[in-house]
Amino acid sequence: MRLQVLSSGSEGNSTLIRAGEQAALVDAGLGREAMLARLEAGRLGPGAVRHVLVTHGHLDHARSAGLVARRERATLHAADLSLHHPWARRAKSCAALAIGRDQALPGAPSGDELVYRAVPLPHDCDPTVAFRLEHQGRVAVILTDVGRPDPDVARALSGAHVLVLEFNYDPGLLARGPYPALLQRRIAGGRGHLSNAEGARLLELLASAELHTVIVAHVSKKTNRPELARAAAAGTLERLGLAGRVRLLVASQDEALESVEV
Ligand SMILES: [Zn+2]
Ligand SMILES: [Zn+2]
């Protein structure tokens with residue numbers, strides 16, 4: 001299985017998963033043109049994506065999900081409530097997400113299935129999920145848009161070889177930044193986003209013997225800096241004695257990250 005973060009941040013999120021003969025997209029939050037250009041950066045021709053999975057209905061994750069599903073002739077998987085939103089209606093094939101249990105995506109030959117587990121998250125859009133994706137014993141976890149480092153969430157997402165994890169804001173930059181007080185409270189609240197320190201705490205809960213790559217994600221352009229987010233993650237890996245063997249990458253809003261072997 002390979003994982004490539006195509007875009008990450010408050011302007012749009014999308015991650016491409018390639019597993020055997022099939023490909024799946026987790027979120028498609030960029031606008032049409034940018035989204036299709038990033039898919040191109042993943043070097044996939046039309047029709048290659050079989051499934052589009054949506055974490056939640058916020059537009060930075062869902063904006064082009066239906067459109068991409070239609071163009072790729074893929075099935076759109078979203079929490080059933082979300083299927084009625086305008087962004088979902090364009091998809092010709094829809095499926096309600098299975099929440100909290102392992103579910104194989106249909107269409108793969110036996111032994112080659114991509115299995116997802118959608119784990120509910122505290123976030124101000126209900127429902128919001130993280131994804132644990134497993135293919136032939138390899139595990140990728142995509143966990144963003146979560147209000148606090150919840151140990152139950154960490155337990156449900158255990159065993160990642162590759163972990164995409166939110167480090168959204170720096171509290172000092174949030175307080176001095178452009179957002180009004182109400183929005184600041186929403187972001188920092190228990191159903192908002194993770195600060196760098198909270199991301200570091202969640203990384204501590206999630207880091208296991210299998211982990212080999214951490215991708216710092218959903219880094220705010222306005223209330224964070226990539227080097228601060230990276231330093232928070234690096235500090236945790238250092239403390240856990242994992243700095244030497246776990247690779248650390250920072251996903252970007254502006255360009256696709258390299259493809260990583262899970
Ligand atoms: Zn988001
Ligand atoms: Zn969100």
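## A walk through the model

Let us start in a loop: P127 sits between strand 8 (115–120) and strand 9 (129–135). Keep in mind as you look around that this is a predicted model. The peptide bond leading from D126 into P127 is cis, and its omega is near -5°. Is P127 buried, exposed or partly exposed? P127 has 18 other C-beta atoms within 10 Å, so P127 is partly exposed. Now see what surrounds this proline. Setting aside residues within four places in sequence, P127 is in contact with H56, A79, I99 and P120. The chain also brings G57 into this picture: P127 and G57 are 70 residues apart in sequence, yet their C-alpha atoms are 8.2 Å apart in space.

From here, move to the nonpolar core. The largest one holds 75 residues, and those touching the most other members are I17, V52, A130 and A140. Strand 10 (residues 138–143) supplies the largest share of this core, with five residues. Take A130 as your example. Which residues does A130 touch, if we do not count those up to four places away in sequence? They are V119, L121, V141, I142, L143, V146, V153 and L157.

Next, follow the chain into the loop between strand 10 and helix 5, where you will find D145. This residue is not a glycine, but D145 has a positive phi of about 55°. D145 is also buried, because 27 other C-beta atoms lie within 10 Å. Further along there is another residue to compare. H218 lies in the loop between strand 12 and helix 9. H218 is not a glycine either, and its phi is positive, at about 55°. With 27 C-beta neighbours inside 10 Å, H218 counts as buried.

Helix 5 is our next stop, and P151 is part of it. Is P151 buried or exposed? P151 has 10 C-beta neighbours inside 10 Å, and therefore counts as exposed. Try finding L206 from here: 55 residues separate P151 and L206 along the chain, while 8.8 Å separates their C-alpha atoms.

L206 takes us to helix 8 (residues 196–206), where L206 is one of the buried residues. The others are N196, E198, G199, A200, L202 and L203. What covers these buried residues? The cover includes helix 5 (151–156), strand 11 (162–166), strand 12 (213–217) and helix 9 (226–239).

Let us look at how helix 8 meets helix 9. Two packed helices are described by the angle between their axes and by the distance between the axes. For helix 8 and helix 9, the angle is about 30° and the axes are 9 Å apart. The two helices are therefore roughly parallel to each other. Their crossing is right-handed. Which residues meet here? On the helix 8 side they are N196, A197, G199, A200, L203 and E204, and on the helix 9 side they are L228, A229, A232, A233, G235 and T236. Sorted by class, this contact has seven nonpolar residues, four polar ones and one charged one.

Our last stop is strand 13 (residues 247–250), which contains L249. L249 is partly exposed, because 18 other C-beta atoms lie within 10 Å of its own. Not counting residues up to four places away in sequence, L249 touches T213, I215 and L257. To end, look across the model from L249 to A78: the two are 171 residues apart along the chain, and their C-alpha atoms are separated by 28 Å.

Technical notes: Residues are numbered from 1 along each chain as its sequence is written. Chains are lettered from A and ligands numbered from 1 in the order in which they are written. This is a predicted model: local features need pLDDT of at least 70, side-chain atom pairs count only at pLDDT 80 or more; totals for chains, interfaces and linings use all residues. A residue is buried if 20 or more other C-beta atoms lie within 10 Å of its own, exposed if 12 or fewer, and partly exposed in between; C-beta atoms are placed from the backbone. Helices (H or I, at least four residues) and strands (E, at least two) are DSSP runs, numbered from the N terminus. Two residues are in contact if their C-beta atoms, placed from the backbone, lie within 7 Å. A nonpolar core is a set of buried Ala, Val, Leu, Ile, Met, Phe, Trp, Tyr and Cys residues joined through C-beta atoms within 7 Å. Axes are lines fitted to C-alpha atoms, for helices over the stretch in contact, and angles run from 0 to 180 degrees between N-to-C directions. Angles under 35 degrees count as roughly parallel, over 145 as roughly antiparallel, 65 to 115 as roughly perpendicular and the rest as oblique. A crossing is left-handed if the near helix is turned anticlockwise from the far one by less than a right angle, and right-handed if clockwise. Ala, Val, Leu, Ile, Met, Phe, Trp, Tyr, Cys and Pro count as nonpolar, Asp, Glu, Lys and Arg as charged, and the others, Gly among them, as polar.
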